[in-house]
Amino acid sequence: MTTLLAAAVAGIGGTERPGQVAMAESVQQSIASGEHLAVQAGTGTGKSLAYLVPAAVHAMASGSSVVVATATIALQRQLIDRDLPRLAAALEPVLGRPPTFAILKGRGNYVCKYRLHGGAPEDPGDTLFEPAAASAVGKQVQRLHEWAASTETGDRDELVPGVEDRAWRQVAISAKECIGAARCPNGAECFAERAREQAGLVDVVVTNHALLAIDALEDFIVLPEHDVVVIDEAHDLVNRVTTAASRELSAPGAETAVRRTAKVLAGGSGGSSPRASAAAGPRTAGDVLDRLREAAEGLARVLPDIGPGRMDVLAEPVAASLTTLRAAATSCAAQVRALGKEASDDAERLAAGRASLAALSDIAETAERILGAFGDDIAARPDVVWMDRPAVDERQRPPTLRVAPLDVGGLLAERVFRRRTVVLTSATLAVGGSFEPLARQWGLPPEGQDGTGPAGEESAGEAGQDAAGEEASGDDATAKEHQLAWSGRDVGSPFDHPRSGILYVARHLPAPGRDGLPPAYLTELRELIAAAGGRTLGLFSSMRAARQATEELRGVIEQPLLCQGDDATAQLVRQFAEDEATCLFGTLSLWQGVDVPGAALQLVVIDRIPFPRPDDPLASARQRAVAARGGNGFMTVAAAHAGLLLAQGAGRLLRTMEDRGMVAVLDPRLATARYGSFLRASLPPFWATTNPAVARAALRRLAARSERIL
């Protein structure tokens, strides 16, 4: 492996690093043994090559694909456009042929040529906007048509600049709405089918966490046959899988189902249809549609009465409404399926039927999940339900019931880890100095255990049973013993953190409150920026705090100050990187998405420990469930969440070997609270101080050094 890695590194003009070699060897051993691997590799390690080389070698030797799943578009594009092409060229002389690769996304990410050419257009109710908005969306749809005539992939991410979701929906469909290539008039030229076919023929398939989750959630095949999965940016896996497994229910969503179903039951053009009447009888079809319409109207009446936030008890009127809606949607779906058998040779009617069934099944399944989410045993509840009410400035957004899984560990254990060898990697996986917090969320037992004995109780349910719930015995039981066995390895970082960075905790400041940033925080922030001469990335726990800091300091400090929301985030980051004096303030996407090497970023300021909001429905429910099982909900959920985000935020500072700077945390609890040591152990091992004078002096020296270099 070291020889192949050296060839790959030399081929791309890179420099081999000890951590990269150690990681590549660990990945190779994991693939060979079948034992899962969690590997933390700091920024600059070269982790992409460290997993791509053994993955490609295995795929070529076994004839089976390896799937690489990432969280962000940026990393997908890096792998497909830069890393894999150069790796293929470098390994071809050694392996005899270049490893092949392709990218695969969910069907909704590709233009649908049938929809593009007028097949089963979106019903009018989904496209009624204010006149100005309609005009803007219409222009975007026109641009989509022009782009679709020249694109080779139909991939939404290749459209720059992008378009709004409501414009994209006019040219794309979901997997549930697709009538299938064999029946589609444009099936032979389908972008999504072409991508799937290509992915089935290559060694390395690059996809995203969402499609990996859908592959695990659904009973139909999404990804090509594979025996190894590499999950990059694995720190974000639980969030992405949770999102993929979440559902929502609103009055407009129910009304959409009514319109789509009415179109099908009426034969597609209003009025009665002889074929519809022959299949179901006009009275029966009309009755079930009336029931659905009444149920949708009933939902619209009860939703506004539900208060915002997590729902611990399902009120009787809401339960009755959901029960009626579920039954009506199920009955309508049966009618639509019956009509579909009569329309198997009519693509337009098939497409309309699939659109109707997609909406009906989504309503019925979501209502079923909500109704089943309120068991007496809090720890055993499968889902969390909450009412999402629009903010004051978002009144066009309707009241929406949302449901999300309380835990995705069982799903991942049964549908991912038990089926394939998995390598999970990121620059930040060790929370509080341990892999255990994230491993627990992934459904893995304590490290070194296999999940089959009493000490390694299976997260997914009953030990010794297979995914179908049947007893495992004999060879089957033996084979299962190591399916959840895993090991964790930190291969380090090429950075000398104590010499390159400083962690300053403003211990002298008051604890943060609920009424915005205290005046002392703003004073501290202003003085730190002055000492650094700008060059500051401000990471705030809320958009409200970021805007407050911007309003208070803009015009007071000498340096230009940008705030997330002033422009597109990518443009703001570009401006920040190009002018060393500029400061940039923002929230969550900046905590994880900024890569600004050099002197333009020498100070990262974090306003407070990023615990989940106390009213966050999902986090609070997960904390309560852990506590109900006898665990420490705060440390297991809130502190682990905060530690991971702190590590991500601190990781913005050092991006190259030459970078120097400081991470300043204004929240004194990082130094004074009992959980502070756990959170500090999640951070890189910077040299630490709580002395404000020492911190400012260090920043002034860094600024002077940068100015001398210029």
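**Notebook: loops, helix pairs and cores**

I started at R535, which sits in the loop between α20 (519-532) and β13 (536-539). The model I am reading is a predicted one. What is phi of R535? I found it near 55°, a positive value in a residue other than glycine. Most residues other than glycine have a negative phi. Next I looked up whether R535 is buried or exposed. Its relative accessibility is 4%, so R535 counts as buried; the cut-off for buried is under 20%.

**Entry: E233**

I went to E233 next, another residue to check for its phi. E233 is not a glycine, yet its phi is positive, about 55°. I placed E233 in the loop between β5 (226-231) and α10 (237-244). Buried or exposed, I asked of E233. The relative accessibility comes to 15%, so E233 counts as buried.

**Entry: the peptide bond at P161**

I then checked omega between V160 and P161. The value is about -5°, and the peptide bond joining the two is cis. Most peptide bonds are trans. Where does P161 lie? I located P161 in the loop between α6 (131-148) and α7 (165-168).

**Entry: α20 against α21**

Back to α20, the helix before the loop of R535. I looked at how α20 packs with helix α21 (residues 543-553). The angle is about 65°, and the axes are 11 Å apart. That makes the two helices roughly perpendicular, because angles of 65 to 115 degrees count that way. The crossing of α20 past α21 is right-handed. Which residues meet here? From α20 I noted L522, L525, R526 and I529; from α21, Q548, A549, E552 and L553. I sorted this contact into five nonpolar residues, one polar and two charged.

**Entry: α1 and its partners**

I moved to helix α1 (residues 2-11) and its packing with helix α3 (residues 47-62). Their angle is about 120°, with 10 Å between the axes. So α1 is oblique to α3. I read the crossing of α1 past α3 as right-handed. On the α1 side the contact uses L4, L5, A8 and V9. On the α3 side it uses L49, V53 and V57. How many of these residues are nonpolar? I counted seven nonpolar, no polar and no charged.

I checked α1 against helix α4 (residues 73-95) as well. Here the angle is about 135° and the axes lie 8 Å apart. This makes α1 oblique to α4. α1 passes α4 in a right-handed crossing. I listed L4, A7, A8 and G11 from α1. They meet L87, A90, L91, V94 and L95 of α4. The contact divides into eight nonpolar residues, one polar and no charged. L4 and A8 take part in the contact with α3 and in the one with α4.

**Entry: T261**

I picked T261, in helix α11 (residues 251-265). Its relative accessibility is 0%, so T261 counts as buried. Which residues does T261 touch beyond four places in sequence? I found L289, L292, C332, V336, S356 and L360. I also took the C-alpha distance from T261 to R354. The two are 93 residues apart along the chain, and their C-alpha atoms are separated by 9.9 Å.

**Entry: the cores**

I looked for the largest nonpolar core and found 94 residues in it. W442, V663 and L679 have the most contacts inside it. Which helix gives the most to this core? I found helix α25 (residues 633-650), with eight residues. I followed V663 further, setting aside residues up to four places away in sequence. V663 touches I502, L503, Y504, V604, I606, A650, L653 and F686. Another core lies apart from the largest one. I counted 41 residues in it, among them V302, L303, A352 and F374.

**Entry: totals**

I closed with the whole protein. The secondary structure comes to 28 helices and 18 strands. How many of the 710 residues count as buried? The share is 52%. Last, I took the contacts between residues at least 6 apart in sequence. Of these, 77% join residues at least 24 apart.

Key
Residues numbered from 1 in each chain as written. Predicted model: local features only at pLDDT ≥ 70, side-chain atom pairs only at ≥ 80, totals over all residues. Heavy atoms only, no water. Axes fitted to C-alpha atoms, helices over the stretch in contact; angles between N-to-C directions. Helix = DSSP H or I, 4+ residues; strand = E, 2+ residues; numbered from the N terminus. Parallel < 35°, antiparallel > 145°, perpendicular 65-115°, else oblique. Left-handed = near helix turned anticlockwise from the far one by under 90°. Contact = heavy atoms within 4.5 Å. Nonpolar A, V, L, I, M, F, W, Y, C, P; charged D, E, K, R; others polar. Core = buried A, V, L, I, M, F, W, Y, C linked by side-chain atoms within 4.5 Å. Buried < 20%, exposed > 50% of the residue type's maximum accessible area, 1.4 Å probe, protein only.
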